[in-house]
Protein chains: 2
Amino acid sequence: MPTIKDVARLAGVTVTTVSRVLNNRGYISDATRQKVYQAMEELNYQPNEIARSLHRRKSKLIGLIIPTVSHPFFGELAGFIEYYAHLIGYKVLICNSLLDRKKEKEYIEMLKSNRVDGIIMGSHTLEVEEYMNLNYPIVTFDRRISEEIPYISSDNYGGGKLATHLLIQKGCKKIAHISGNLQLQLLANKRSQAFIELSKEHGIESVIVETELNVFDITQYEAMIRNLLEKHPDIDGVFASSDVMAAYFIQIGYFLNRRIPEDIKIVGYDDIKLASLFVPPLTTIRQPIEEMAKCAVELIVRQVNEEPFERENVFPVELIERLTT
Amino acid sequence: MPTIKDVARLAGVTVTTVSRVLNNRGYISDATRQKVYQAMEELNYQPNEIARSLHRRKSKLIGLIIPTVSHPFFGELAGFIEYYAHLIGYKVLICNSLLDRKKEKEYIEMLKSNRVDGIIMGSHTLEVEEYMNLNYPIVTFDRRISEEIPYISSDNYGGGKLATHLLIQKGCKKIAHISGNLQLQLLANKRSQAFIELSKEHGIESVIVETELNVFDITQYEAMIRNLLEKHPDIDGVFASSDVMAAYFIQIGYFLNRRIPEDIKIVGYDDIKLASLFVPPLTTIRQPIEEMAKCAVELIVRQVNEEPFERENVFPVELIERLTT
DNA sequence: TTGTAGGCGTTATCAC
DNA sequence: GTGATAACGCCTACAA
């Protein structure tokens, strides 16, 4: 690959001059500018961003740590994050932690070594303290780490309320909530909290099941749900804390000959693109994924540029009523 | 951030020595080694990978260009690619072209400027020639560019045959194929080719519809399918060239009160994770996504290391018969 | 066993 | 207007 020196030599000038035309800085005669352009053209020169990054101590790189891009919700989130990052000249390094503590740590180290300008954390397997002294531009999804670190979340409590309320209003007598693991202090837990409070308030029987800790194996969903239906065959309403979980539920219901929504009503969370394609189309709580992604990128950039930013970024959710309720 | 100099100063040695213990090269007394380690610890030193990349002229970065990670198939592919890349110390830069020619070009330039070690191309909006003189370690999904560039694909023709054959064997009298755009010379077109040949061979009435060129807007799927069913209400079998398309079909069938599989049988392609969760669970042609991803990473690494590699990497497919046929 | 010096490709600060 | 030169942080001959 040709370097700036090659261009300089070919154009009969020094690297300084080439650099100048490259960055449009200072005065340059049209003549030399043309010569330089020509040389660049001829050599098919492309400035080495690595060298640039080293010099300016900015990589224009954002690290994104999530459980996995292959999960529809995170895939969509990652898609939008990359989209908005690209708009302002940032690149995205993806890291799939698979909810493995060791990998998550490794990735954080790796991203820092690579001097990314900021890290967007959508995976949280570590304890809060471990993130605290990260000392890096960072933004968090669904987790409050400290007073300084900004976070993004949907209105989890509100979403939980909307979902639970809908089930109750539709006449469910015994409702269940299926959720990811609740031990980690994630803001998503507020969905469960709302579920509990509301069912108690209305005097409705309720049950909660959760996945194991730090395991990203969606196959366990099936066992969990079958188990639930076996122990509580009289459940007639379910609030799943993700659309993927809801999909599992719908399917198991299909095999168990439970009609949806006649026998069991179900509402999901996220509103991934495929949710509207489920059969029957899924009633769910919509998170504004695109806006949240955009916000994440902005929060990183603001920190990089040392501009002021909001610490709490809670986005409104919306009940999308389709045919599973 | 502390640099190697800070470490050297604190440890009372020179940067050379620090670099040596860092890279385990040459002889070093245990005493100094310990001092250095201590200093690194104390400063929380992390070597600057940007500087390293600049020096060794290898970035350990792989660029991945796909239509979008938010599409389940590409999300899964990206997940596996990152997984295997990570295993051998490579990082992945994602680029969502959205099947936009301009973006795709931009991304290629960007990746070259960032001196990624190789590019995995899963998006193809440009003409073959434009990729030819890329002069870069590259591997392609589902497209044959030139004699030198390795490509990966599933056995598209075989898959098309399996799918079509199943429909015929199940007694379908008029079958349809819905597909992405067929103008680009993608290997995936062989699915259609097999569909055409087989239906002709068996004397079965058939029709093909495709999406528009260079548009990544899955909302057009719906119009396309509705249109198809309006024009050809007597269709009783469908081969969709992706599971997502199949999902659209299933849903539209649901709304139109066409029973699946009784009235219309449908088979998809890819076997994304959610395919088994559709209602009814989708019969589909499974691509070995994980193996293909692994292969892509290997092909890049082999090129980087100037090791020999296969140019043609066609993976076998498998018919996964579930309940839509 | 450890240190000195030059280079990786750019940009920024001075000069001229 | 243009050119030396010294960084950026790291690695590696070559010396010592």
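Start by selecting Pro261(B), which sits in the loop between helix 11 (243-255) and strand 9 of chain B. The peptide bond that leads into this residue from Ile260(B) is cis, with omega near 10°. Keep in mind throughout the tour that this is a predicted model, so that every angle and distance given here is a computed value.

Now move to chain A and select Val279(A) together with Pro280(A), which are likewise joined by a cis peptide bond, here with omega of about -5°. Pro280(A) belongs to the loop between strand 9 (265-270) and strand 10 (283-286) of chain A. Both stops deserve a look at the backbone, because most peptide bonds are trans.

Stay with the backbone and select Asn44(A), in the loop between helix 3 and helix 4 of chain A. Its phi is near 60°, which is a positive value in a residue other than glycine, and with a relative accessibility of 53% the residue counts as exposed. Next select Glu306(A), which is found in the loop between helix 12 (289-304) and strand 11 (312-315) of chain A. Phi of Glu306(A) is near 55°, again positive in a residue other than glycine, and Glu306(A) counts as exposed at 73% relative accessibility. As background to these two stops, most residues other than glycine have a negative phi.

Return to the loop between helix 3 and helix 4 (49-56) of chain A and select Asn48(A), which lies there. Which residues does Asn48(A) contact, once its neighbours within four places in sequence are left aside? The contacts are with Leu54(B), Ser113(B) and Arg115(B), so showing chain B alongside chain A is useful at this point. Asn48(A) is partly exposed, its relative accessible area being 23%. To set a distance across chain A, add Val244(A) to the selection: Asn48(A) and Val244(A) are separated by 196 residues in sequence and by 43 Å in space, C-alpha to C-alpha.

The next stops are salt bridges, of which a search of the whole structure finds 32 over all chains. Begin with Asp6(A) and Arg9(A), whose closest N and O atoms are 3.4 Å apart. These two residues are three apart in helix 1 (residues 4-11) of chain A, and therefore about one helical turn separates them. Asp6(A) is partly exposed, with a relative accessible area of 24%, whereas Arg9(A) is exposed, at 60%.

Then select Asp30(A) and Arg33(A), whose side chains meet in a salt bridge with an N to O distance of 3.9 Å. Both residues lie in helix 3 (residues 30-43) of chain A, three residues apart, or about one turn of the helix. Is each partner buried or exposed? Arg33(A) is buried, with a relative accessible area of 18%, while Asp30(A) is exposed, with a relative accessible area of 55%.

Cross to chain B and select Arg286(B) and Asp271(B), which form a salt bridge whose closest N and O atoms are 4.0 Å apart. This pair links distant parts of the chain, since Arg286(B) is in strand 10 (residues 283-286) of chain B and Asp271(B) is in the loop between strand 9 (265-270) and strand 10, 15 residues apart. Arg286(B) counts as partly exposed at 29% relative accessibility, and Asp271(B) is buried, with a relative accessible area of 16%. Back in chain A, select Glu49(A), Arg52(A) and Arg56(A), which salt bridges with shared partners join into one network.

Finally, zoom out until the whole of chain A is in view, and colour it by secondary structure to find its twelve helices and twelve strands. Its C-alpha atoms fill a box of roughly 85 × 40 × 30 Å, taken along the principal axes, and its radius of gyration is 25 Å, where a compact globule of 325 residues would have one near 20 Å. Of the 325 residues of this chain, 59% count as buried. Among contacts between residues at least 6 apart in sequence, 70% join residues at least 24 apart.

With a surface display switched on, the accessible surface of chain A amounts to about 14100 Å², 49% of which belongs to carbon and sulfur atoms. Colouring by charge brings up 38 positive and 43 negative side chains in chain A, two sets whose centres lie 6 Å apart.

How values were computed:
Residues are numbered from 1 along each chain as its sequence is written. Chains are lettered from A and ligands numbered from 1 in the order in which they are written. This is a predicted model: local features need pLDDT of at least 70, side-chain atom pairs count only at pLDDT 80 or more; totals for chains, interfaces and linings use all residues. Side-chain values use heavy atoms; hydrogens and water are left out. Helices (H or I, at least four residues) and strands (E, at least two) are DSSP runs, numbered from the N terminus. The radius of gyration is taken over C-alpha atoms; the globule rule is 2.2 Å times the number of residues to the power 0.38. Buried means under 20% relative accessible area, exposed over 50%, partly exposed in between (1.4 Å probe, protein chains only). Contact means heavy atoms within 4.5 Å. Accessible areas come from the Shrake-Rupley method with a 1.4 Å probe; for residues, only the protein chains shown count as cover. Lys and Arg count as positive and Asp and Glu as negative; His and the chain ends are not counted. The place of a charge is taken as NZ of Lys, CZ of Arg, CG of Asp or CD of Glu.
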